[in-house]
Each structure stands twice: as C-alpha cells, then as structure tokens.
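Trainee: I have a model open and would like a close look at a single part of it. Please take one strand and its surroundings, then move outward from there.

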Amino acid sequence: MNRDFQLLINGNSRAGSTGQSEPVVNPATGESIGRVAYASPEDLSETVETAARGLREWQAVPPWERGRILKRAADLLRADIEAAALTMSLEQGKPLAEARDEVERSADFLEWGGEQARRISNRIVPSRVAGSRIEIQTHPIGVVAAFTPWNFPMALAAKKFAGALGAGCSIICKPSQETPGSVLVMAKALLEAGVTPSALAVIFGHAAAVSKHLIAAREVAKITFTGSIAIGKRLAAAAGAVMKPVTMELGGHAPVIVCGDVDPEQAADMLVRAKFTNAGQICLCPSRFFVEEGVRERFTARFIEHAKAWRVGSGTDPATQMGPLANARRLEAVARLVDDARARGAAVLAGGQRIGNRGFFYAPTVIVDLPDDAAMLHEEPFGPLAPIIPFSNEKSMLEKANGLEFGLASYIVTNDVHRQQRLADALEYGVVGVNGPLTHRPEAPLGGWKESGIDTEGGIEILDPYHRTKHVSLH
Ligand code: NAD
C-alpha cells in the first residue's frame, strides 16, 4: 500500500504548497504505507481564512439540519466500517476488532453531537424592570482549532467535530502526522453528508509551527487539544496569552484498587483486558494496580498467566489480542521505564522486553517489588506495563493513589458497597470505574481533574465548550 494523505481544505484534497511531506509508518512492520503532506504558513493562512467564511456559512444552517447532516455522516462511517478500520489498524497498529469499535464510537459521537444541536435553545429572563426582558442567546464560539493524537485517531477527533459542528462552529483539525488517515476518512464522510466544505479542514504539518500559527490567528476563537500534559500546558499558555478558551483532555495514571473481598482471578480476567487494550496506550488505562494483601498472590499469578499467553501480533491478524506500540518513541519510553524499575530492584515477572526487531512490539509486562520512586509509578506508562503494588492500609494506599498530578481515571474492584462508596468519594479523579472497565461513549461527559485537563467532552453538555452566550437586554 502506498497512499498520499493530503491536506483537506475547502473540500479539496491537495498537497502542501511547498510539496513537503513525511512518511507514515505501519507500526507492525516499521515500513512506510504512504506520505503525509505538510502545510506551509501560506496553506495555514488560507485554511484560517476559509474557516472564517465557513463559520458564517455553517452557523446559518439551522441546527435541525446540522443534526440531520451529522446523523448522515455517522451512517456513512458505519456503512464503510471495514475500510475505515483497516486504515486505522495499518497506521496505528490496533487490532481490527478494536478499530471497528472505535469507528462505531466515532459515529456515535457525531450522531450525538447532531442530536444535541437540535436541542440548542435561547431563554428569556424576566427583567426586574417592568415591561423589560433579557434574552440569553446561545452562539457558536467561532473558528475552532483542534489538535488530536494518534492513540484513538478517529474517536478523539470525533468528539471535537461533533461538539464544534453541532454548535455551529467551523473546525480546523490538526491530527497527529503519525495517524493521518483515520481523521481524513471521518472528514470525508462529514463532507459527503453535507457539511459546508469551508466549515471543516484537516491539515498536517510540524505540530509546534501549526499550533503557534493557529492559536495566534485572530479568526481562531477556541483551542481544543487531546494529548500529553506537557504539550497541553504549552498550548494553554499560548492560548492564555491571547485570552482564548481551551478544552484540554490530557494524560492519566489510573490507580486500580483491588480489594481483599473479591475473587482475585475474576478481577484479573477483567483488568488484564482493560490493561492491554490498545497496547495500554489509553489515557483511561489502568496503570497502578494497588492489590490488597489477602488477594495479592492469586491476583498476580492469574495476571501473569494472562500476560504470558496474550497473543501479540499485527492488528490485521484476526487472532491478535494486542498490536504493536504506535511508534518508535513509545517503544523507547516503555523500555526506559522498565529498565529504570529493574535498576531500582523491581522484579519483572512477565514480559519486560521488545518482541522481535521488526515493528514496535513490546511484551505484556507485569512488575512487582517496585520502590515508590520508580519512574513508572510517576510517569504515565502509556504502554503494556502492569505494576502491582500490595497494600494493607487503605489510608496510606489512598495517599499514594491520589498523590500524583494526574486526575483522569481510577478503578475500584470490591463487592462491599460501603467500601465502593467510600473509595469513590476519596478518589480525586474525574472518572471512577467500579467493578468494570471504562470506555468513553457519548452519552456521558468525561474529563480530567487536576493536571489531567480542563473541561469535559461528551454528555448532554457536548456543545458547551463550543458555545458562547450573549445577554440582550430588551427595554
Ligand atoms: P507528545 O507530548 O510529543 O505529543 C502528544 C500529542 O500532541 C501528539 O498527538 C502530538 O502530535 C501533539 N503535539 C506535540 N506537540 C504539539 C504542539 N506543539 N502543538 C500541537 N500538538 C502537538 O507525546 P507523544 O510521544 O506523541 O505521546 C506520548 C504521551 O502523550 C503519552 O505518554 C501520553 O501521556 C500522551 N498522550 C495522551 C493522550 C490522551 O488521550 N490524553 C493521547 C496521546 C498521547
């Protein structure tokens, strides 16, 4: 396969004006599957001008009709799910079954954003001055600049397209250059469904140069980003300097609390799947396993059994349970965290090494006896690493669980309803999974506490980050 992943501006696919491009690599083979175009500063200025026009044209489309168009886009995505899933698996590495689920989820987000568009309303507040009233109007915030990552290349962009387009905004999306195809597939479905071509652009390029250009552009009113905390802070600071609002969906380092009253094998069976889905490259992924002493041995033994038997391979092989890491950077980062743990005396009981030397495969890994200062207990592992930490004192375990700057996801496994409630109350996280895995679907809002983010995405409030209010006082 050799494909060109081009810029999509005003409904036209084209190369960047300087002709610059970069290879896109299949993480299962390390080989190129095509090239992605780079936008020049001139291309970016043209994109911004087009999006400013797109805002005027798209906000004039009645919300009811916007809802119909987003629903049609969702149906188009679903109708071509196999091709979309293959594109995603080849560029990102995930197994086809996970890719299909992500396409479905993306369609669900688009549909939901369209449904919420139909519920946009203004309200009248009676004034305290007789004969007067105040109209509270809801307006699209303006042109949106969206930066989306490579781990869920379609779904994480779908949340932003659904919110922005549903609200009546135009959107310029800059996906990761490593996974350009998935967003392009979705954007083309949106255009085919009837989104005004000027209201939607997908561009690629040097990430720092693109974000600097778009954040500074006068026409851009809103910044939304999903990715690492470090980059999120940089973008939020740049947006703050020009007083533009941000939505930030950033990293996590999810504690999992496995209590002594549960069946440890059942708990391991459930959590192992949550851990190794998408090779652990999920912001909601369980990443610090606090296991109560009474069940630690059996839980660990079962987890190791699974990790050793987990089928790792190309995402396009239907037998595969876990694909490669998405890029060489992740492989290096994961290897560094495991080396650090070993150097500090931890024991690696499963995995702990790269598999082969073709592609970016890393073995499902289980680690015990970690000292508190091990890097993987502080840095988001974003890979198939399961550190198991025994506990016998709930209070000191909770101090550790809450002790990082992260506040995205957390998990509790216990059948004791009082303990469920006590722990859920104590966890300083934006989302808590009790006795099951977490997947973000559109009907519920989700966002991080502390440094894990600003704002939420999804839920009945999905359009809120893309709206602004006007107060009109009528006398
Ligand atoms: P990174 O920090 O270099 O990049 C993270 C994302 O931001 C990528 O998609 C990248 O294309 C984009 N990016 C980088 N610099 C940018 C800039 N100046 N302007 C706009 N976008 C920019 O890290 P990485 O190696 O790609 O990913 C590793 C880390 O990122 C992980 O450890 C994880 O913490 C985080 N991450 C989080 C999520 C999430 O869902 N919250 C998704 C992907 C990555």
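Mentor: What follows starts at one strand, then turns to two sheets and a helix pair. Keep in mind that this is a predicted model.

Start with strand β14, residues 286-292. Seven of its seven residues are buried, so the strand is largely enclosed by the rest of the structure. Buried here means under 20% relative accessible area.

Now look at the partners of β14. Strand β13, residues 254-258, runs parallel to β14, and five bridges join the two. One pair to find is Val 258 with its bridge partner Val 291 in β14. Follow the chain between these strands. From β13 it passes through helix α9, residues 264-276, and on to β14. This β-α-β crossover is right-handed. Strand β17, residues 385-391, is also parallel to β14, with four bridges between them. Here Phe 290 has Ile 389 of β17 as its bridge partner.

Next, the sheet that contains β5. It is open and has three strands, in the order β1-β5-β4, with mixed pairing. β1 (3-5) and β4 (21-26) are the edge strands. Each has a single partner strand, so one side of each lacks a neighbour in the sheet. On average, neighbouring strands are turned by 35° against each other, direction ignored. β1 and β5 (residues 31-37) run parallel and share three bridges. In that pairing, Arg 3 is matched with Gly 34 in β5. Helix α3, residues 81-92, packs on this sheet and touches β1, β4 and β5. The direction of α3 makes about 95° with that of β4.

Another open sheet has the strand order β6-β7-β21, and its pairing is antiparallel. β6 (123-126) and β21 (467-474) stand at its edges. With a single partner strand each, they have one side left without a neighbour in the sheet. Neighbouring strands in this sheet are turned by 25° on average, direction ignored. β6 and β7 (residues 133-140) are joined by four bridges. Arg 123 sits opposite Ile 136 in β7.

Finish with the helix pair. The axes of α1 (residues 41-59) and α7 (residues 207-216) come within 11 Å and cross at roughly 35°. The crossing is right-handed. From α1, Pro 41, Leu 44, Ser 45 and Val 48 take part in the contact. They meet Val 210, His 213 and Leu 214 of α7. By class, that contact has five nonpolar, two polar and no charged residues.

Technical notes. Residues are numbered from 1 along each chain as its sequence is written. This is a predicted model: local features need pLDDT of at least 70, side-chain atom pairs count only at pLDDT 80 or more; totals for chains, interfaces and linings use all residues. Side-chain values use heavy atoms; hydrogens and water are left out. Axes are lines fitted to C-alpha atoms, for helices over the stretch in contact, and angles run from 0 to 180 degrees between N-to-C directions. A crossing is left-handed if the near helix is turned anticlockwise from the far one by less than a right angle, and right-handed if clockwise. Contact means heavy atoms within 4.5 Å. Ala, Val, Leu, Ile, Met, Phe, Trp, Tyr, Cys and Pro count as nonpolar, Asp, Glu, Lys and Arg as charged, and the others, Gly among them, as polar. Two strands pair if DSSP finds at least two bridges between them. Buried means under 20% relative accessible area, exposed over 50%, partly exposed in between (1.4 Å probe, protein chains only). A crossover is right-handed if, with the strands pointing away from the viewer, the path from the first strand over the helix to the second runs clockwise.
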